[in-house]
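This briefing is intended for reading alongside the sequence and the 3D view. It begins with a working definition and then proceeds by topic.

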Amino acid sequence: MISELPEELLLHILSSLPTEIAITTSVLSKRWRSLWKVLPNLNFYSGYHHTSSENICSSLILHKAPVLESLHLGFDDESDASDVGIWIGIAFARHLRKLVLSFPCYDEDSVRFPSALCCCSNTLESLKLKFSIFLDLTSGVCFNSLRELHLYYTLFKDEESVSNLLCGCPRLEDLVLHRIRNNDVETLTIAVPSLQRLTIEDDHYGGDGGYVINAPSLKYFNIDGFNRIGFCLIQNAPELVDAIITNVFDITNEKMLEPLTSAKRLSLDLSPLKVKYPTRKIFYRLLSLELHTNKEEWCNLLSLMLNSSPKLQILKLIDSKWYINKDNLVDRKWNQPKCVPECLLFHLETFEWTRYGWQLEDEKEVATYILKNARRLKKATLSTKSIKPNELEKLEKRREMLNELANVVRASDSCHLVCEAD
């Protein structure tokens with residue numbers, strides 16, 4: 001019988017349900033009557049059940065747990081959220097630690113976050129705002145315990161609102177921003193001394209605005225979707241460990257990559273023709289490099305990175321395209337380094353190439369060059385794009401190519417070459 005389960009397990013099960021459904025279990029027996037009142041997590045979603053403001057208020061008031069671990073509020077209509085300030089205020093009085101608000105109504109200022117409550121919680125550690133939530137923060141914010149802030153298409157009134165929010169989170173460590181810049185402030189400044197993890201996904205195409213980032217404690221940096229923005233200035237990130245730069249097509253300033261020279265692990269999906277490479281800079285701590293090979297002039301970016309990364313131990317090349325159109329095949333000339341890079345002579349141990357394009361001359365040249373010059377290489381893995389079983393000619397050509405690579409005289413006697421098919 002479920003009633004015989006330990007209370008801790010019952011609370012875990014009920015916490016996964018919409019709260020109004022969990023409340024209905026109070027009729028099952030005397031033991032269940034007040035069980036929902038000590039649930040650590042409360043969830044109200046108008047899509048699952050008709051949820052009235054009165055029910056939410058009474059549920060929060062009757063809640064008796066000493067600490068409310070999390071409150072999730074999700075509504076499809078602006079009218080459903082008219083009392084959101086009251087709900088949050090009651091939850092803050094219950095020592096709320098995590099708040100998630102989701103209102104996907106897509107009107108510019110359909111749901112305003114109650115700014116008066118931004119100084120009412122010393123226990124909130126995580127805040128996630130999703131979709132059409134409007135932040136007009138003209139006065140100071142005080143979230144002294146907040147460590148995690150995720151904003152999904154949340155709208156700011158102006159740059160002052162951005163500054164007030166971030167300045168009011170002195171312990172913030174994790175910031176996630178999903179944005180469409182043409183509906184928001186043009187230049188977003190992130191100045192957070194305590195910030196360790198930053199993720200930015202920008203869906204807007206074009207524009208003169210951009211980002212200014214000053215985060216001296218930053219360790220993990222992930223940006224996705226920067227398409228012809230004016231700038232991304234990373235002013236201070238000496239502690240950077242991991243950086244992932246994805247779907248960056250065109251940024252006119254040179255200072256986006258320059259601060260990444262302190263990273264230990266780096267993933268790049270960009271073209272050096274569109275994003276300027278920082279000249280005369282050394283990635284002196286870089287141990288692992290992942291480079292996407294479907295961008296224009298990628299192989300020359302590879303040469304630059306090999307020359308600039310003397311301690312590189314792991315090199316991963318990835319082609320994001322699953323199939324090659326033979327009508328679009330273009331043999332691009334690879335300008336290999338004039339001198340063998342230091343990392344190939346002394347440090348590179350692992351070389352992986354996912355969806356290796358064996359039909360392209362530049363890719364064959366790159367693979368051959370690394371095998372011939374990486375003196376410390378222990379393992380090289382090449383996985384090719386899929387070929388249908390009935391494409392006998394392609395299968396035969398691929399077999400010939402793999403045989404050619406297998407016969408390349410390798411600089412490392414201990415290198416184990418593995419060839420696979422996706």
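Contact means that heavy atoms lie within 4.5 Å. Leaving aside its neighbours within four places in sequence, Asn122 is in contact with Asn144 and Ser145. This is a predicted model, in which local features need pLDDT of at least 70, side-chain atom pairs count only at pLDDT 80 or more, and totals for chains, interfaces and linings use all residues. Residues are numbered from 1 along each chain as its sequence is written, and side-chain values use heavy atoms, with hydrogens and water left out.

**The chain as a whole**

- The secondary structure comes to 9 helices and 21 strands; helices (H or I, at least four residues) and strands (E, at least two) are DSSP runs, numbered from the N terminus.
- Of the 422 residues in the chain, 50% are buried; buried means under 20% relative accessible area, exposed means over 50%, and partly exposed lies in between (1.4 Å probe, protein chains only).
- Among contacts in the chain with a separation of 6 or more, 58% come from residues 24 or more positions apart.
- The chain exposes about 20,000 Å², of which carbon and sulfur atoms supply 50%; accessible areas come from the Shrake-Rupley method with a 1.4 Å probe, and for residues only the protein chains shown count as cover.

**Parallel sheets**

- One open sheet consists of 3 strands in the order β10-β12-β14, with parallel pairing; two strands pair if DSSP finds at least two bridges between them.
- Strands β10 (187-191) and β14 (231-236) stand at the edges of this sheet with a single partner strand each, so one side of each is left without a neighbour in the sheet.
- The twist from one strand to the next averages 10 degrees; axes are lines fitted to C-alpha atoms, for helices over the stretch in contact, and angles run from 0 to 180 degrees between N-to-C directions.
- Strand β12 (residues 210-214) pairs with β10 in the parallel sense over 5 bridges, and Asn214 in β12 stands opposite Ala191.
- Another open sheet has 3 strands in the order β4-β6-β8, and the pairing is parallel.
- Its edges are formed by β4 (111-112) and β8, each with a single partner strand, so one side of each has no neighbour in the sheet.
- Between β4 and strand β6 (residues 133-135) the parallel pairing runs over 2 bridges; here Arg112 stands opposite Phe134 in β6.

**Aromatic rings**

- Rings of Phe, Tyr and Trp (its six-membered ring) pair if their centres lie within 6.5 Å, where planes under 30 degrees apart count as stacked, over 60 as edge-to-face and the rest as tilted.
- By this rule the count is 4 aromatic pairs.
- One of them is the stacked pair of Phe131 and Tyr153, at 6.5 Å centre to centre with 10 degrees between the planes.
- Phe131 lies in strand β5 (residues 126-131) and Tyr153 in the loop between β7 (148-152) and β8 (155-156), so the pair ties together parts that are 22 residues apart in sequence.
- Both rings belong to partly exposed residues: Phe131 has a relative accessible area of 25%, and Tyr153 has one of 26%.
- Ring pairs also link Trp298, Phe351, Trp353 and Tyr356 into a cluster.
- The charged end of Lys130 sits over the ring of Tyr152, 5.6 Å from its centre; this requires NZ of Lys or CZ of Arg within 6 Å of the ring centre and within 35 degrees of the ring normal.

**Helix α6**

- In helix α6 (residues 298-308), 9 of the 11 residues are buried, so the helix is largely enclosed by the rest of the structure.
- The buried residues of α6 include Trp298, Cys299, Leu301, Leu302, Met305 and Leu306.
- Their cover includes β16 (265-270), β17 (288-292), β18 (314-318), α7 (342-346), β19 (350-356) and α8 (361-373).

**Loops and positive phi**

- Most residues other than glycine have a negative phi.
- His95, which is not a glycine, has a positive phi of about 60 degrees; the residue is placed in the loop between α4 (84-93) and β3 (98-103) and is partly exposed at 39% relative accessibility.
- Tyr153 likewise has a positive phi, near 60 degrees.
- Asn122 is placed in the loop between β4 and β5 and is exposed at 55% relative accessibility.
- From C-alpha to C-alpha, Asn122 and His95 are 7.9 Å apart in space, with their positions 27 residues apart in sequence numbering.
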